[in-house]
Amino acid sequence: MKNRKKILLVEPISCEALIALRQKFYVFVEILPPKKILLKAIENKDVIILKSRVALDEEIISAAKNLKLVVMAGIGIDHICVDELNKRGIVWFNMPYLSARDVAEFTFGMALSLARRICLADARLRHNQWQKK
C-alpha cells in the first residue's frame with residue numbers, strides 16, 4: 001500500500017463512491033475550495049475528481065506537480081484548461097452519458113408541463129384565479 005495514489009476530491013460524490021475510493025487510494029476532500037486553498041491542496045495529488053463548479057485553469061494545473069489524471073464526473077469541460085493538460089501530458093476524461101437519463105426525464109417533464117400549461121395554471125392559482133376551462 002506504499003504506492004497508493006493521492007486523490008483530491010473537490011465536489012460532492014455519493015458516500016458509496018467515497019468509501020470505494022478510500023479502500024484503494026488516499027482521498028483528500030476539499031469541497032468547493034477557494035482558489036488559494038485549491039492551489040495548495042493540489043500540489044502533491046496524483047488525481048483530481050471534479051464536476052462543474054470548480055475550474056481548473058493554467059495556474060492551478062501548474063501548481064499540480066504530481067497530477068497524472070483529471071476526472072470530470074459530468075459532461076462539460078469548458079471550465080478545464082484542456083490545452084494545458086494536454087501540453088503537460090496529463091490524462092483527462094469526462095463522462096458524457098452520466099446524466100443522459102436525468103436530462104431526458106427533465107426534458108420530457110418540461111414538454112408535459114408546456115403541453116398542459118402547468119406553469120400558467122400555477123401562476124393563476126397563486127393569484128386566486130381558478131379557471132375550470
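Reader: Is Pro34 buried, partly exposed or exposed, and how is its relative accessibility to be read?

Author: In this predicted model, the relative accessibility of Pro34 is 48%, and because partly exposed covers the range between under 20% for buried and over 50% for exposed, Pro34 counts as partly exposed. The residue sits in the loop between β2 and α2.

Reader: How far is Pro34 from Val47 in space, C-alpha to C-alpha?

Author: The two residues are 13 positions apart along the chain, and their C-alpha atoms are separated by 18 Å. The case of Trp92 can be set beside this, for Trp92 is 45 residues from Val47 along the chain, with a C-alpha separation of 9.6 Å.

Reader: Which other residue of the loop between β2 and α2 deserves attention?

Author: The general idea concerns the backbone: most residues other than glycine have a negative phi. Leu32, which lies in the loop between β2 (26-29) and α2, has a positive phi of about 45° although it is not a glycine. With a relative accessibility of 37%, Leu32 counts as partly exposed.

Reader: Where is Asn128 found, and what is its phi?

Author: Asn128 belongs to the segment after α6 (118-126), and its phi is near 55°, a positive value in a residue other than glycine. Asn128 counts as exposed, its relative accessibility being 73%.

Reader: What does helix α2 touch, if one begins with Lys35?

Author: Lys35, placed in helix α2, is in contact with Asp57, Glu59 and Ile60 once its neighbours within four places in sequence are left aside. Lys35 counts as partly exposed at 36% relative accessibility, and its C-alpha atom lies 9.5 Å from that of Leu56, a residue 21 positions away in sequence. Leu39, which is also found in helix α2, is in contact with Glu59, Ile60 and Ala63 when neighbours within four places are again set aside. The C-alpha atoms of Leu39 and Ile61, 22 residues apart along the chain, are separated by 8.6 Å.

Reader: Which residues of the largest nonpolar core touch the most other members?

Author: The general idea is that in soluble globular proteins, nonpolar side chains tend to be buried together. Here the largest nonpolar core has 22 residues, of which Ile42, Ile48, Leu50, Leu56, Val70 and Ile80 touch the most other members. At least two residues of this core come from each of α2 (35-41), β3 (47-50), α3 (58-63), β4 (69-72) and α4 (82-87). If residues up to four places away in sequence are not counted, Ile80 touches Leu50, Leu56, Val70, Met72 and Leu85. Apart from this core lies another one, of seven residues, including Ile7, Leu21, Val27 and Ile49.

Reader: Where is Trp92 placed, and which residues does Trp92 touch?

Author: Trp92 is in strand β5 (residues 91-94) and, not counting residues up to four places away in sequence, touches Val70, Ile77, Val82, Leu85 and Asn86. Its relative accessible area is 27%, so Trp92 is partly exposed, given that buried requires a value under 20%.

Reader: In what order do the elements run, and how many helices and strands are there?

Author: The protein has six helices and five strands, and from the N terminus on they run β-α-β-α-β-α-β-α-β-α-α. The radius of gyration is 21 Å, well over the 14 Å that the globule rule gives for 133 residues, so the protein is more spread out than a compact globule. Along its principal axes the C-alpha trace spans about 70 × 30 × 25 Å.

Reader: What part of the protein is buried, and what part of the contacts joins residues 24 or more positions apart?

Author: Buried residues account for 29% of the 133 residues. Among the contacts with a separation of 6 or more, 32% are made between residues 24 or more positions apart.

Reader: What share of the exposed area do carbon and sulfur atoms supply, and how many side chains are positive and negative?

Author: The protein exposes about 9600 Å², and carbon and sulfur atoms supply 59% of that area. There are 23 positive and 14 negative side chains, and the centres of the two sets lie 6 Å apart.

How values were computed: Residues are numbered from 1 along each chain as its sequence is written. This is a predicted model: local features need pLDDT of at least 70, side-chain atom pairs count only at pLDDT 80 or more; totals for chains, interfaces and linings use all residues. Side-chain values use heavy atoms; hydrogens and water are left out. Helices (H or I, at least four residues) and strands (E, at least two) are DSSP runs, numbered from the N terminus. The radius of gyration is taken over C-alpha atoms; the globule rule is 2.2 Å times the number of residues to the power 0.38. Buried means under 20% relative accessible area, exposed over 50%, partly exposed in between (1.4 Å probe, protein chains only). Contact means heavy atoms within 4.5 Å. Accessible areas come from the Shrake-Rupley method with a 1.4 Å probe; for residues, only the protein chains shown count as cover. Lys and Arg count as positive and Asp and Glu as negative; His and the chain ends are not counted. The place of a charge is taken as NZ of Lys, CZ of Arg, CG of Asp or CD of Glu. A nonpolar core is a set of buried Ala, Val, Leu, Ile, Met, Phe, Trp, Tyr and Cys residues joined through side-chain atoms within 4.5 Å.
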